[in-house]
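Subject: Structure for you to look through

Hello,

Below is the structure I said I would pass on. Please open it next to this email, as the notes after it go through what was found.

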Amino acid sequence: HVNRGWRVEFSSALGPYKGGLRFHPTVDDGILKFLGFEQIFKNSLTGLPLGGGKGGSDFNPKGKSEGEIRRFCESFMTELCRYIDASTDVPAGDIGVGGREIGYMYGTYKRLANKHGEGVLTGKSPLFGGIHLRPEATGFGTVYMAQHAIEDKLKRSLEGTRCAVSGSGNVAQFASKMLIQLGAKVVCVSDSNGVLVFEEGMTNSDLEQIILAKTVERARLSALETRVSGKYIPDHSPWTLPTLNVDFAFPCATQNEIDGKGANLLIQKGAMGVFEGANLPVTTEGQEVLRAHRDVLYIPGKAANAGGVGVSGLEMSQNASRTYWKREKVDAMLKDMMAGIYQQMKDNAGEDGTLEEGCNRAGFLKVAQALKELGWVY
């Protein structure tokens, strides 16, 4: 069997190409191009000198042994290593590529290049140059962003609200963890086979079981029903369940998961906001529904989930200066970054614009100005 791999280097106007690697059977050059395009503006919003790119393979890690995954990562990096460098292109993880896979790829890079301590990949273990809080950064950052918007626009807090989270990977796990810490009720998580519903809210022990199942046992959520307080509903997503009441939606699974019908269902249930933990999880039809209801907060992934790439950028800075930052310092920098992105959105939205409009304007204008000043556009 032969798998195909790609690296889309989209824009280096603001800095080295930066974006994740995705291992999933649906991956092709079209998906990576639209994710790479979105990544340009997300990275722009962080305020860090980062360009945009994306990569991956149609390799399916599901059902593979650890040895098979390690050998694939080694083969992938053997080809990729000639295109990457701390000043050229710095990949990270994405769907199907977590700390384990980054470790295998970085090990191959070190062996081939004989360069050690290079910030050529982010999402590494803190044992060999990684930064504290990187696994949590995307999920935590999404919730920090939601917190800013809810407190500023709705004049309330997340405490006691019912929050629907989709997905059960890295972003969903840590978004759920932070929501629980802030007193919200996480009413569901999901995988591609179904939804685990927690009518009274997920507990910390429920979350521990989900993290164990997904990161250690590599199990499906359907295998967890006897170990958690929730009820498993097969062949559904959180956005197709008519009876699940939701105040705020956190789509953290994959692209195109909330369609027009799903968005309408959220509006009918009285949902007050959608915050994208995943990249482009709302389809064009879904976006049109949300835009028609301007009182519903809608923050796209390029702003809401920018904490992940933001902390990746901090990892690159840490590597370049050959230093280590404590967890508390990184968390404070992440909070500051998300507050800065929220302010950019608000400023660029103006009096009559939405946060989504402000987000798109802010990200685009920075890149456009850089292109002009570099003499690449005239």
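Gln 287 counts as buried, because its relative accessibility is 13% (buried means under 20% relative accessible area, exposed over 50% and partly exposed in between, with a 1.4 Å probe and protein chains only). Gln 287 belongs to helix α8, residues 284-292. Helices (H or I, at least four residues) and strands (E, at least two) are DSSP runs, numbered from the N terminus. Apart from neighbours within four places in sequence, Gln 287 is in contact with Val 282 and Tyr 298, where contact means heavy atoms within 4.5 Å.

A word on the source: this is a predicted model, in which local features need pLDDT of at least 70 and side-chain atom pairs count only at pLDDT 80 or more, while totals for chains, interfaces and linings use all residues. Residues are numbered from 1 along each chain as its sequence is written, and side-chain values use heavy atoms, with hydrogens and water left out.

Next, the sheets. Strands of a sheet pair through backbone hydrogen bonds, either parallel or antiparallel. Here, two strands pair if DSSP finds at least two bridges between them.

One open sheet has seven strands in the order β8-β7-β6-β5-β9-β10-β11, with mixed pairing. β8 (231-234) and β11 (297-299) are at its edges with a single partner strand each, so one side of each has no neighbour in the sheet. From one strand to the next, the twist averages 15°. For angles, axes are lines fitted to C-alpha atoms, for helices over the stretch in contact, and the angles run from 0 to 180 degrees between N-to-C directions. Within this sheet, β6 (residues 185-191) and β7 (residues 194-197) pair in the antiparallel sense over four bridges. Cys 188 stands opposite Val 197 in β7. Helix α4 (residues 134-154) packs on the sheet and touches β9 (248-251), β10 (273-275) and β11, its direction making about 150° with that of β11.

Another open sheet has four strands, in the order β1-β3-β2-β4, again with mixed pairing. Its edges are β1 (5-11) and β4 (89-92), each with a single partner strand, so one side of each is left without a neighbour in the sheet. The twist averages 20° from one strand to the next. β2 (residues 17-23) and β3 (residues 52-57) pair in the parallel sense over three bridges, and the bridge partner of Phe 23 in β3 is Ser 57. Helix α1 packs on this sheet, touching β1, β2 and β3, and its direction makes about 150° with that of β3. Helix α2 (residues 66-80) lies across β1, β2, β3 and β4, at about 150° to β2.

α1 (residues 29-45) also packs against helix α12 (residues 355-373), at an angle of about 90° and with the axes 8 Å apart. The contact includes Ile 40 and Phe 41 of α1, and Cys 359 and Ala 362 of α12.

Last, two loop residues. Most residues other than glycine have a negative phi. Asp 235, in the loop between β8 and β9, has a positive phi near 60°. Asp 235 counts as exposed, because its relative accessibility is 70%. Arg 322, in the loop between α10 (307-320) and α11 (327-349), has a positive phi near 50°. Arg 322 also counts as exposed, at 58% relative accessibility.

Regards
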